[in-house]
Amino acid sequence: MFLLLLLFLSLVGLSAYIVSLKQAIKEIPQLIPLSSISSDYDSDSFGSPKISVIVPAYNEADNIQDCVTSILKSANFLAENIEVWVVDDRSTDKTWIILQALQRSLKDPRLKLISGLPQPEGQKWTGKNWACAQAIKCAEGEFLLFIDADVRLKSGAIESALQVALSEQADLLNCIPAWTCDSLTEWLVQPLMLINLLISLNSKIAKDPKTETAFAAGPFMLFRRSAYEKVGGHEAVADQVAEDVALARLIKHNGLKIEYRLGANIATLRMYRSWGALWEGWTKVLYVGAQRNLLIMLYLAIVMLILYTVPWLGLLIILGKSLTVGLQTIDLLTIGINLIAVFFQYRLRKLATNASNSPPKYWWLQGLGGILVAVIALDSVIKTESGWGWTWRGRALK
């Protein structure tokens, strides 16, 4: 009976997730890429504001050249109004060497490099905040586009985002690129994380202007400079590990406007290239992104297990029982609920493809994915509160 109860909860939870994800995809529209034809951009209405693209880079030797090249190639008819500031945040790999070689080979005056300074003594700067703050002092744009080094822009991406920001009078446009996966570990964890992110962005509490709750994803954030400066920019969140969420909350708290768009048509993102990087990355930000709310992390862990792991565990239990003592009538009901829950899992992953343009690969291993996300949530609490192992690429965050 206990298993039947868990399966019923799983079925109800999956149904609610499907409804919420459908609503999120409907209410967070896809960004439509502009073609290279200048008529797609309404310059008479919007003008041609200058855009500063800022890329903080710490040990990004595997990413930085492709990222920067994609940015420079993405701009079409606003190409002359774009400047690209790349800040090497005192990398210990070949990031700076690659950047210098790239600048020499491209000879593109829009590409500007900054060799990051040490953090000021007596001040607490965490993550990429100090690198971003250094670039801001040099950037001249009316709009500030912060892009992570693992993002690849497509043609017309910047103009597309700018036109939406201008037409919607957004102070912050947060675009969610297509999350790409290569390894099995990524396929197990990333689609589940993306589904949670989209539902969170579109949740009632986040959309309620009376609450301070807001969410954001840092890889692609386009700010109106006046709004960025009003909230204090990265300096105001210098000690925040999840600076993207912290900035979004400042924007909302100051009565400014946030717009969200799905960006699978204009950009791709591969966040983590190894199991170690994935574990380190998510445990770094998950708990602090939830404002260090232990109950939310426990809730997340339980929900992930009930939604994704329980149906597959139920099938294994019933299979084992059929091979030993045989099946009873109630077991047939259990099998039916199990199969419906598994179908709902597949349906949920298929819906996610509408947001990320990626196939529901390895969806049948989501039982294991639920366990991994649950453990990541709990480990994020432990690392953040204790400081043990709470690092990013070897840098201590405590």
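**Figure 1. Helix α5, a covered helix.** In this predicted model, the buried residues of α5 are Asn129, Trp130, Ala131, Cys132, Ala133, Gln134, Ala135 and Ile136. The helix runs over residues 129-136 and is mostly covered, with 8 of its 8 residues buried. As you look along α5, keep an eye on Cys132, which turns up again in the lining of the second largest cavity.

**Figure 2. Helix α6 and the residue that follows.** Here you can meet another mostly covered helix: α6 spans residues 157-167, and 10 of its 11 residues are buried. The buried ones are Ala157, Ile158, Glu159, Ser160, Ala161, Leu162, Gln163, Val164, Ala165 and Leu166. Let your eye travel to Gln169, just after α6, where the backbone takes a positive phi of about 55°.

**Figure 3. Trp125 in its loop.** Find Trp125 in the loop between β3 and α5. Is Trp125 buried or exposed? With a relative accessible area of 7%, Trp125 is buried, because anything under 20% counts as buried. Now look for Val237: along the sequence, Trp125 and Val237 are 112 residues apart, while in space their C-alpha atoms are 8.5 Å apart.

**Figure 4. A salt bridge between Glu243 and Lys128.** Side chains of opposite charge can pair when their charged atoms come close. In this view, the side chains of Glu243 and Lys128 meet in a salt bridge, at 3.4 Å from N to O. This pair links distant parts of the chain: Glu243 sits in helix α11 and Lys128 in the loop between β3 (111-115) and α5, 115 residues apart. Glu243 counts as buried at 6% relative accessibility, and Lys128 is buried too, with a relative accessible area of 19%. A search of the whole structure finds 18 salt bridges, and the next two views show others.

**Figure 5. A salt bridge between two helices.** Which side chain meets that of Lys321 in a salt bridge? The partner is Asp331, and the distance from N to O is 3.1 Å. Lys321 lies in helix α13 (residues 294-324) and Asp331 in helix α14, so the pair ties together parts that are 10 residues apart in sequence. The two partners can be described by their cover: Lys321 is partly exposed, with a relative accessible area of 27%, whereas Asp331 counts as buried at 5% relative accessibility.

**Figure 6. A network of salt bridges.** Salt bridges that share partners join Glu168, Lys257, Glu259 and Arg261 into one network. One of the pairs to look for is Glu259 with Lys257, whose side chains meet at 3.6 Å, N to O. Glu259 counts as buried at 15% relative accessibility, while Lys257 is partly exposed, with a relative accessible area of 31%.

**Figure 7. The largest cavity.** Rolling a probe the size of a water molecule over the atoms shows where empty space is left. The structure holds 2 cavities of 30 Å³ or more, and the largest has a volume of about 90 Å³. Its lining is made of 13 residues, of which Pro191, Leu194, Ala352, Ser356 and Ser358 lie nearest the centre. Which helices should you trace here? Both α7 (184-201) and α14 (329-356) supply at least two residues each to this lining. Sorted by class, the lining of the largest cavity has 8 nonpolar, 4 polar and 1 charged residues.

**Figure 8. The second largest cavity.** This space has a volume of about 50 Å³. Around it you will find Lys128, Cys132, Phe146, Ile147, Asp148, Gly218, Met221, Phe223, His234, Glu243 and Leu247. Strands β4 (143-147) and β7 (220-224) and helix α11 (243-253) each supply at least two residues of the lining. By class, the lining has 6 nonpolar, 2 polar and 3 charged residues. Lys128 and Glu243, both part of this lining, are the salt-bridge partners shown in Figure 4.

**Figure 9. A nonpolar patch on the surface.** To finish, visit the surface, where Phe2, Leu5, Phe8, Leu9 and Val12 form a nonpolar patch. Together these residues have about 510 Å² of accessible area. Val12 lies in helix α1 (residues 2-27) and is partly exposed, with a relative accessible area of 43%.

Conventions. Residues are numbered from 1 along each chain as its sequence is written. This is a predicted model: local features need pLDDT of at least 70, side-chain atom pairs count only at pLDDT 80 or more; totals for chains, interfaces and linings use all residues. Side-chain values use heavy atoms; hydrogens and water are left out. On a 1 Å grid over the protein atoms alone, a cavity is a set of points where a 1.4 Å probe fits but cannot get out, and a pocket is an open set with protein on both sides within 12 Å along at least five of seven lines; lining residues have an atom within 4 Å of a point. Grid points are joined across faces, edges and corners, and a volume is the space filled by probe spheres set on the points. Helices (H or I, at least four residues) and strands (E, at least two) are DSSP runs, numbered from the N terminus. Ala, Val, Leu, Ile, Met, Phe, Trp, Tyr, Cys and Pro count as nonpolar, Asp, Glu, Lys and Arg as charged, and the others, Gly among them, as polar. Patches are made of residues with over 30% relative accessible area and no salt bridge: like charges are joined within 9 Å, nonpolar side chains (Val, Leu, Ile, Met, Phe, Trp, Tyr) within 5 Å. Accessible areas come from the Shrake-Rupley method with a 1.4 Å probe; for residues, only the protein chains shown count as cover. Buried means under 20% relative accessible area, exposed over 50%, partly exposed in between (1.4 Å probe, protein chains only).
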